[in-house]
Amino acid sequence: MEINYKDKLPDTLVRELKENQELCPDCEGRGFNVDEDGIIICRRCRDGIIKKCGYCGEEIKSICSCKESQEERILKKKEDATKRPLGYLVENQLLGFDPFGKTYLPVQDIRLATSDWVFATKAQTLDLDAYTIFEDACHHLHESVWDSINGEDIDGLQKHLDKFIERFQNHKTYYPDETIWIPIKGE
Ligand SMILES: [Zn+2]
Ligand SMILES: [Zn+2]
């Protein structure tokens, strides 16, 4: 059976181009190409349109990895974040995170940051939960094991675990907290 699809295609298409958008050079804005096998969806574009980075001009699928584009995303996150004074880091014994230099800075070295502000951080310490440990350990065992573990067993183990947790209190792992930004100069 032969189907004449060419008659079904419109003669012209209207493409609205937004900022930093261009017609795809591979399909000339159609979104597809026609060859002897029929209609082939264009792999390079979406609906005939390609997107370019507003900073470096590179063709991009979603976000660009160039410096300017990364900086714009950092500043956007700062806009959405809450401002706190430097004392926030001191009170909570946290490091500052310099998003441009991608470095963690203790309060006394905070002025080494690339710009005049930093993000706060979150600190994670060793976390050992008796209930979770029992639960994980019993996961592949017969239900009778889990059923016979009682609250005293869990409390007893937790007491031991708390001693470990106490010992490793000062071993903190820091993560950037992009919900809080902190000015470091002049304020
Ligand atoms: Zn295309
Ligand atoms: Zn770019």
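**A walk out from Phe-164**

Start by selecting Phe-164, which sits in helix 5, the stretch covering residues 151-167. Keep in mind that you're looking at a predicted model.

Buried or exposed, what is Phe-164? Show its surroundings: Phe-164 has 10 C-beta neighbours inside 10 Å, so it counts as exposed, the cut-off for that label being 12 or fewer.

Next, add Leu-126 and Leu-128 to your selection. Leaving aside residues up to four places away in sequence, these are what Phe-164 touches. Try a distance label on one of these pairs: Phe-164 and Leu-128 are 36 residues apart along the chain, with 8.4 Å between their C-alpha atoms.

Now zoom out and colour by domain. The assignment gives domain 1 as 6-52, domain 2 as 67-125 plus 172-183, and domain 3 as 130-167. Select domains 1 and 2 together, and you'll find their C-alpha centres 44 Å apart.

Switch to cartoon for the whole protein and you can pick out 5 helices and 10 strands. Why call this protein more spread out than a compact globule? Its radius of gyration is 28 Å, while the globule rule gives 16 Å for 187 residues, so the protein is more spread out than that rule describes. Rotate the view and check the box around the C-alpha atoms: along the principal axes, it is roughly 80 × 65 × 20 Å.

Last stop, the whole chain again. Of the 187 residues, 13% count as buried. As for contacts with a separation of 6 or more, 55% come from residues 24 or more positions apart.

Methods. Residues are numbered from 1 along each chain as its sequence is written. Chains are lettered from A and ligands numbered from 1 in the order in which they are written. This is a predicted model: local features need pLDDT of at least 70, side-chain atom pairs count only at pLDDT 80 or more; totals for chains, interfaces and linings use all residues. Domain bounds come from an automatic or database domain assignment. Helices (H or I, at least four residues) and strands (E, at least two) are DSSP runs, numbered from the N terminus. The radius of gyration is taken over C-alpha atoms; the globule rule is 2.2 Å times the number of residues to the power 0.38. A residue is buried if 20 or more other C-beta atoms lie within 10 Å of its own, exposed if 12 or fewer, and partly exposed in between; C-beta atoms are placed from the backbone. Two residues are in contact if their C-beta atoms, placed from the backbone, lie within 7 Å.
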